[in-house]
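Visitor: Please give me a close look at one part of this model: whatever enclosed empty space it may hold. After that, show me how that part connects with the rest.

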Amino acid sequence: MAVRTHSFLTACVLILVAQPILATVPNDVVSSLQQESALCVVLDVGDGTTAVQLSAGGKHLVHGLCATDASLSASRARIEKADLLGVVTVERRVGKKLSYADHLVNLVVVHDWTAFGDTATLQEIVRVLQPGGVAWLGNVPANETPDVIKELGGAVSSAKLSNGWLRVTKQRPEGFDTWTHTRHDASYNPVSRDTVAGVPSGIRWVAGPNWPTGYRKSSVHAVAATEKRLVYVFEDEVETPEGTRRVNSLISRDAFNGMRQWRRQADSDELVAVGRDVFTVVGRELVRIDADTGHVALKFSGLASPKKFIHVDGKLIVQHEGGLSAVDPGTGTVAWTHKAVPVSFLAGDGRLFLQVSRERTAIECLDIKTGKPVWSTPIKGGSRISGSLILLDSTALVCAASKGNFALSAKDGSQLWEYSYKLIGHGGSYSKVLAMNDLVWIHTADSQDSKQYAWEGLDPLTGKVQKRIVQPKEFGMKHRCSYDVATDRYFMCGSMDFADLASGQYKHFSAGRNSCRSAGLIPANGMIYTFPHACGCYPMLRGFLGFECVDHAGGSPAKAVSAEERLQAGPAYDLPLGIPQLSSGDWPMYRLDANRRGSTAAPGPARLDRLWTSDVSADHGKTLGEDWTFKNGGSVSAPVVAGGLAFVAATDEHRLFAYDAATGEIRWTFTAGGRLDCPPTIHEGMCLFGSRDGHIYCVRAADGELAWRFLAAPVDRRVPAYGQLESPWPVVGGVLVYDGLAYCVAGRHTGADGGLFVSAVQPQTGKLVWSGQVEDFDGVADILTGGNGTVQMASWTVNAKTGGKPASSDQRLRGGRLGLLNAEWYLRPIAMRKNLQQWTVGDRPRGQMLSFNAESTCGYLACSNVSGGDGVMSGNAVLFGSGPTDSAKWKLNMSLHTRVYAMAMAVDRLYVAGKFFDGEADKQGHFAARIYSVAGGKLLDEFQLTGQPVHDGLAVARERVYIGLDNGQLVCLGAGQRATQ
């Protein structure tokens, strides 16, 4: 018998430990959630009343933990009634360890400390709280308060008891730094003092969009990180009646969990963020924005056309048409004005340094307090005529010239040294210089005439090389177009490459990449932040990413739970399954079978009439809803059909639906602990599916009763992803049943959080047969396929029975570097560049979508050509049919704007769902399902759809076609009564 344990999902910035039926919490608790959106958890959630209350109508993400199955059922019913599925999530609770990542939660509430409070719980609460986060401990006896505070030690900054509630605020840990300007601070020396940020280990949070939407390699033009916020200027593309238009937005996210706080129009790429203040230009005025709300708090008048500005020594130094002014950031009062309009300027140690012009360069030094000149130095002759001021070391001003760098004394402007060297390739620049650990560091391609790349540390007063960090010849790191950055220990450059100043070792983090141009990567708050980019050199995670840099306690795969603890029995465990009658015409798993061919030997309908439509998923107009849209995949999954039932998942609501396949009536629903990105697999009366909470589930296909749940992730842990909580190791691509076993892959990338983990379990019992880590493969998790005694994911293959290395592998369906489930190129065509999104099956023809059997391959190519530079598509889209190899039978040229979202073959008919255009004059197009002849490509029938089909979301079963739509509907089509046109 399986061990009955229960996982602990975390999903909100509020953790409530409460009585069995939770009373509403005091107003002080609710009002302490001052941010625009927060992440909330409720322990012993009772009937869900408090969890729903805390969501504030969808503003905050809430997760509840239940002590009993009755509480779980009652709270889920209340959440569904409030239309908050996905916003509020509840699960069973186990143990005292909280499954949140470190420094994640904004607010923790323990309703009854006498029932739940102990040292272990207290330590966990402090661990998961983010710096500045608040814990409310209810029912704390006054005589115990000193002991509680003592237990917290130096981890808290304040503790106050009032009316039986102890409010505790977490201290900001030592070693965390901020990043207030484009290049760290006013000195423009891009070196963080963060002692925790370093080589990433895995994900802390992820948000979207995942791809750049303005300029192809960089849509984040400016970014700053404060103690609480990550603020950035993002260039998006929006569709208007006049066509595509670029729009810049100023966006703020919680620095520790990625929850979006606010968004407003951005009129400038200039950005400085310090504490609760964000400084930017709105219209033609410099403004101070409240970082908590996004509202303008102060307009700085009298500064005509402000351009660049810095924050230093409690002042704003602003460049404008009238010169350079020092301004009080709190009141807007101008302290002094310098008439010169400099090319560039930076500051530190009480002084301001100006580069006066480009043609006849001079460097001037002013006193920040008074604006009075201290010294001025003309730059004449030699390579230094083209010099530009780039950073301030504590003793030297470093400039970039045409052949190297030179330095001036920060004290008096006298020349100190000049150093020429050979630039490292691809983005190398004499402006990419750092000052750290009392040395000025340059990156040369020919250190000591050795033809080896190296970081060389120069004495800031003499320019003599004091230290070298030589790059090993086998390490393929080179500059990129973004600026190099560093901490006191690590150089961070190339494509997420790290050179350790202490050990001299070089490391590459393969799961991510710094973005191009302005944003690059940012080391702050103990993390590494990266941003969307269009690199196609290797498969990696994409989007707005907060990477952790250490393996946290309890979150390392090395501390994985045992096989017995991973299996949890449900009410239907060991009970009869009530096996429904299966048919050869069923479509029982994603893309039909283990080969994922998307083609059935059973006949499909000769005509497409609407038989029934069901609303699977609601339209989420909530605060969090926009972040949900940035995830990969739609609002509903693809459907599967077996035993007279049609199954489909409401992805963001965590719900699986079973419909009567003939009538569309709901037979049952089941709610999981996280998103469902794939439909279930129906096998011998069992309905098996994976969730992004890191588990696979088995419920009875007949009635949806839970038989068992298995933790496919190595440990039960949660991080925010696209506005919800997910496991760092989500189950991707559902469950494959092949040769008597059920298989799944958990994880995001082989280079993050310990990698990808594959498990094989018995479908009837959930007992583990074998598990292993994906090796000899570098990439993202993808759909599993089965055949010839092997299980395969892209190019990775194992023996299906043992998990060992097989003798050979098949050329089965693959989805390119982005994977079969990736659908982002429809919205961001830049994802097409370098064949990132191209399906292949051996030597068969390639396409953005394929359906095949032994005799035929049908497919869709989105365009004839894709620019490798900017991803611009050109030529026609093509729908084609061929033989088993690349021998064309027919091709239909279509508009470049055509989008085929799903297709499937059934004997001699090809069923296609997408957006089609009737000739060049049709500018709008229409969504439709079509039937084509497999033999010749003749259009046989069309049915217009009410919304966009979901990616690969079509199934053909028992002479009917089932299509999932991104408006949340499931549509059943077949030969019926034709509606009057």
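Guide: A cavity, for our purposes, is a set of grid points where a 1.4 Å probe fits but cannot get out, and its volume is the space filled by probe spheres set on those points. Keep in mind that you're looking at a predicted model. The idea behind the search is simple: rolling a probe the size of a water molecule over the atoms shows where empty space is left.

Run that here and you get ten cavities of 30 Å³ or more. The largest one has a volume of about 710 Å³, while the second largest holds about 60 Å³.

Take the smaller of those two for a moment. The second largest cavity is lined by Arg76, Ile79, Leu85, Gly86, Val88, Thr89, Val90, Glu653, His654, Thr671 and Ala672. Helix α3 (69-81) and strand β4 (88-92) are the elements that give two or more residues to this lining, and β4 gives the most, with three. By type, the lining splits into five nonpolar, four polar and two charged residues.

Now back to the largest cavity. Its lining runs to 37 residues, and Asn632, Arg692, Val732, Leu821 and Asn822 are the ones nearest the centre. The make-up of that lining is 18 nonpolar, ten polar and nine charged. Among its contributors, strands β10 (202-207) and β72 (949-957) each supply at least two residues.

Follow β10 out of the lining and there's a backbone oddity to check. Pro209 sits in the loop between β10 and β11 (220-225), and the peptide bond from Gly208 to Pro209 is cis, with omega near 0°. Most residues other than glycine have a negative phi, and most peptide bonds are trans. The phi half of that rule has exceptions here too. Ala794, in the loop between β60 (790-793) and β61 (796-799), has a positive phi near 55°. Val907, in the loop between β68 (899-906) and β69 (909-916), has a positive phi of about 60°. Are these two buried or exposed? Ala794 has a relative accessible area of 18%, so it falls under the 20% cut-off and counts as buried. Val907, at 44%, counts as partly exposed, because that value lies between the 20% and 50% limits.

Leu821 from the cavity lining is worth following as well. In soluble globular proteins, nonpolar side chains tend to be buried together. The largest nonpolar core here has 97 residues, with Ile125, Leu137, Tyr529 and Phe531 touching the most other members. Apart from that one lies another core, of 65 residues, and Leu821 belongs to it, along with Leu813, Met832 and Ala877, among others.

Ala877 then takes you into a set of strands. Strand β66 (877-882) pairs with β63 in the antiparallel sense over five bridges, with Gly859 opposite Phe880 in β66. Strand β63 (857-861) also pairs with β62 (849-852), again antiparallel, over four bridges, and there Ser851 stands opposite Cys858. β62 and β63 make a hairpin with four residues between them. β63 is mostly covered, with four of its five residues buried.

Use Cys858 as a ruler and you can jump a long way: Ser447 is 411 residues from it in sequence and 55 Å from it in space, C-alpha to C-alpha. Ser447 lies in the loop between β32 (439-444) and β33 (454-458), and at 2% relative accessibility it counts as buried. Beyond four places in sequence, Ser447 is in contact with Gln452, Ala454, Glu456 and Arg468.

Last stop, the largest core again. Leu137, skipping neighbours within four places in sequence, is in contact with Val110, Trp113, Leu122, Ile125, Val148, Gly164, Trp165, Leu166 and Val168. Leu122 and Ile125 are among the buried residues of helix α5, next to Thr121, Glu124, Val126, Arg127 and Val128 in that list. That helix (119-128) is mostly covered, with seven of its ten residues buried.

Conventions
Residues are numbered from 1 along each chain as its sequence is written. This is a predicted model: local features need pLDDT of at least 70, side-chain atom pairs count only at pLDDT 80 or more; totals for chains, interfaces and linings use all residues. Side-chain values use heavy atoms; hydrogens and water are left out. A nonpolar core is a set of buried Ala, Val, Leu, Ile, Met, Phe, Trp, Tyr and Cys residues joined through side-chain atoms within 4.5 Å. Buried means under 20% relative accessible area, exposed over 50%, partly exposed in between (1.4 Å probe, protein chains only). Contact means heavy atoms within 4.5 Å. Two strands pair if DSSP finds at least two bridges between them. On a 1 Å grid over the protein atoms alone, a cavity is a set of points where a 1.4 Å probe fits but cannot get out, and a pocket is an open set with protein on both sides within 12 Å along at least five of seven lines; lining residues have an atom within 4 Å of a point. Ala, Val, Leu, Ile, Met, Phe, Trp, Tyr, Cys and Pro count as nonpolar, Asp, Glu, Lys and Arg as charged, and the others, Gly among them, as polar.
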